[in-house]
Every structure is written in structure tokens, then in C-alpha cells.
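Reader: Could you walk me through reading burial and charged contacts in a model like this?

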Amino acid sequence: MMDVFDQLESEVRSYCRTFPNVFSSARGHRLRSVDGREYIDFFAGAGALNYGHNDPHLKARLLEYIADDGVTHSLDMATEAKRKFLEVFHRIVLAPRNMDYKVMFPGPTGTNSVEAALKIARTVTGRNNVVAFTNAFHGMTLGSLALTGNGGKRDGAGVALTDVTRMPYHGYMGSDLDTIDLLEQHLEDTSSGVDMPAALILETVQAEGGVNVASNPWLRRLQALLKRFEILLIVDDIQVGCGRTGPFFSFEPAELQPDIVCLSKSLSGYGVPFAVTLLRPELDQWEPGKHNGTFRGHNLAFVTATAALERYWSDDKLSSDVQRRGRIVREALQQLAASHDGRVRGRGLIQGLEFHDKDAAAEVSREAFEQGVIVETSGPQDQVLKILPPLTITDDALQQGLEIIKESVAAVTDGLTAS
Ligand SMILES: *Cc1c(COP(=O)(O)O)cnc(C)c1O
């Protein structure tokens, strides 16, 4: 089944090892493989498919655009599709939230957005250092990789990953220590050895890092501290933005006002590569062409992104559905956690189940795949089962998938106690 990939594709491939089947078609929360099996997708392209696979409304707009010979590629020339996206993004996302940002198209992937954020933060402040958190994940190109915590990923760089200071994320030192105290102490003490940073980069929920959730008071305290030292706040909302936690931006409940916001993954709504970097207008000090690229803002992504915003963000229905479905997931996981010595954490429709036994999550993921659910693990030791269904999944499919997870956990933990 996997022969062609084993023979011809680089060893670097990874998800096809975890989910070894050949997929041929997909719709909504369902993926089909060439051997006729059907899977419920609790992985959603690592957050790139918040509206599921091949959403029919988005697809219709895309097909229409292609059929009409709409411009596909145009570098960053002005196109009708780009104008429409900018207008709709402003009208539906920014204006109602009183957010005043310039929209930059940095290249089509998340790491492009992070690299652009770093560049402009360093340029504007004239400082080199950037603070990143333990267990952070910000992408795989050198600048973003320097921010990323994971040792295995960092090993791949082959050069020094510099100009970053690591600080402990919320809860990293246990519940008795507020890690902001540590950051504050380092910033206040001119002999701490920490160079005054240009920026701090934050995930409000660390997705790859193990579904670690920062509390709203912690986030607000962090923001106040950064303001005091005139350090820019970059929020990487690439995975948990676009409604994953409920609101469009994950930082809305904490009322953060980031200086820079990175968005990608589900922004195009269709799995088409697309990223933006949002900048407070005062920070938009780019010289024209200073951050260039061939695929910055692609018209097909403009079309699907615009359609997704119009369809899902013109009212708050999706947002409240996410909260409700998040509670369904949470309750199911809490029952599992109670009977299997686990811990649950998350927000909206990103929920994690950490097992006491570090190998259990990976085994549950394998077993669930056998039983027809695609679900990923995260965390430094892949010890957290990460539940990330499309936000638009039906309640029936959600329950069905959770039932299979439950059976998989039972199969794995029975096996563990038996061996
Ligand atoms: C996926 C992700 C990135 C990197 O995006 P790519 O498109 O893979 O480059 C950066 N930050 C976060 C939080 C992510 O989840």
C-alpha cells in the first residue's frame, strides 16, 4: 500500500507514517482511502481545515473563479480577488473588533508569517533579541525554528539558532510559580544577562507543544509587562486562530491587543496555502519589496478566504457552535481521564488528553486510526492526544469519533495492564 512512498519519497515524510493509508477523496469531516475505508477526521490538517474538507460553498466560488479565467497568479499585483479579500477581511474581521492593522502578505505558509513578524519587529525596534516560550512551535525555517522549543526539530537546523531568549510558559514550573514573575525579574534587572528584546512571541494555546493553555489573567499580565518595557507582542494565531477556540482570534477573551498577529492554516478556509502578518500601522515601516516572494497572497486563496469569511463569520453562530462542541469533547475526555489517570486541557475545539503513561497517546492514536478516526498526538514526548475536529463537524460525527476514541483508549489501556 505505501510502497511508492517508501521507495520514492524522502525519509523526511512523517504524517504518512502515522496514518498509513492512501487517501483519495474527502468531504467535511470525512476522508476516504483507495481501499474504500472511511475515516472521521479529528486532525483537520493540523488546524488548516477548520471548515472541513472541500466545503461546498467555498468550492463553488473557487470553481466559478477558475471557470471565468480569474487571475490565478499575479505576484503581489493588484487584483480584483485581492481587493475583495482585503475589503471583506476588514469589514468582517477587523472593523467589528476595532482592530486597526495593516495586512501584509508574507508568503503562503505559517512560517513565512512568523519570519516577516520577526524581521519587522527587529527592524522597527533596532533590537535583536526575541523572547519565546518553552514548548513553543512557530515553524521550521531558521528564524521561526530559533523560536521553536522542540529539541528534535531544532537539531535539524545545522547552524546556531540565535537571538532568542527562552522563558517558561504559563504553568511550566507548576501551579505555585507565576512565570511572569521570572520574566519581569529578568527585564527589570539590567544585569540579568537578557538583552532587552524587540518582541515576545506567544501562542495563547500551545498546540504542538502539548495543548498548554495560558489563562486570561496571565495573558493580560504578560501584555502589561511588555507594554511597560516597550517590547512588541507578537501573537502566533496560526493554529488556534480562525475560530479554533471559539472567537475568530484566540486572544479576544483576554482582550489582548497584539502589535503583530500571524495567521495562516485555516485562513484560506479550503486548505489552500495562505498566510498574513497583521501589523499595527505604526509598525508598517517596510520599504517596498523588502520582504518579497513569488507566492505572497495567491488569488485562489483570496477567493476561498473571502468565501469562508462571508459564510462563517458574518454572525456568531460558528463561534457558539465551537463552544458547545468543545464542551461535548471536554466532557467525553474528562470521563476518560477520570478512569485512566489522565488530564484534560484545551479551549473550544482544541482539546488535549494527557496520559500518565507517556506511550499511551501514540498507541491510542494508532488504535483509533485502525478503527477509523484520524487523531494526532502532541507535546514533547507525544504524550498528549490532541483532538482537533473541523469546527463544522456534525454533533453525530463528533459523538461517533469520541466513541471510537473511548474504545481505543480502552483497548490500549487494557493491553497495557495485561502486559
Ligand atoms: C503550523 C504552525 C506554524 C507553521 O506553519 P507552516 O505553514 O507549517 O509553516 C507556526 N506556528 C504555529 C502555532 C503553527 O501551528
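Reader: Let's start with R296: buried or exposed, and how do I tell?

Author: Go by relative accessible area, where anything under 20% is called buried. R296 comes out at 8%, so it's buried. Keep in mind that this is a predicted model.

Reader: Which residue does R296 pair with in a salt bridge?

Author: The idea is a Lys or Arg side-chain nitrogen within 4 Å of an Asp or Glu carboxyl oxygen. Here the partner is D76, and the closest N and O atoms sit 3.0 Å apart. D76 is in the loop between α4 (56–67) and α5 (80–94), while R296 is in the loop between β12 (276–279) and α11 (299–312), so the bridge ties together parts 220 residues apart in sequence. As for D76, its 40% relative accessibility makes it partly exposed.

Reader: How many salt bridges are there by that rule?

Author: The count is 27.

Reader: Okay, what about K386: which residue does it meet in a salt bridge?

Author: K386 meets E208, with 3.0 Å from N to O. K386 belongs to strand β17 (residues 384–387) and E208 to the loop between β8 (205–206) and β9 (212–213), so this pair links parts that are 178 residues apart in sequence. Check the accessibility of each partner too: K386 is buried at 0%, whereas E208 is partly exposed at 22%.

Reader: And what is the closest N and O distance between D178 and R221?

Author: That one is 2.7 Å, again a salt bridge. D178 lies in the loop between β6 (164–167) and α9 (179–188), and R221 in helix α10 (residues 216–228), so parts 43 residues apart in sequence are tied together. Both count as partly exposed: D178 has 26% relative accessibility and R221 has 29%.

Reader: Which residues are linked with them in a network of salt bridges?

Author: When bridges share residues, read them as a group. The network here takes in D178, D181, E184, E188, R221 and R228.

Reader: Now an uncharged case. Where is V303 found, and which residues does it touch?

Author: V303 is in helix α11. Leaving out residues up to four places away in sequence, V303 touches R61, L62, Y65 and A81. Take A81: the C-alpha atoms of V303 and A81 are 6.0 Å apart in space, yet the two residues are 222 apart in sequence.

Reader: Is V303 buried or exposed?

Author: Buried, with a relative accessible area of 10%.

How values were computed:
Residues are numbered from 1 along each chain as its sequence is written. This is a predicted model: local features need pLDDT of at least 70, side-chain atom pairs count only at pLDDT 80 or more; totals for chains, interfaces and linings use all residues. Side-chain values use heavy atoms; hydrogens and water are left out. Helices (H or I, at least four residues) and strands (E, at least two) are DSSP runs, numbered from the N terminus. Buried means under 20% relative accessible area, exposed over 50%, partly exposed in between (1.4 Å probe, protein chains only). Contact means heavy atoms within 4.5 Å.
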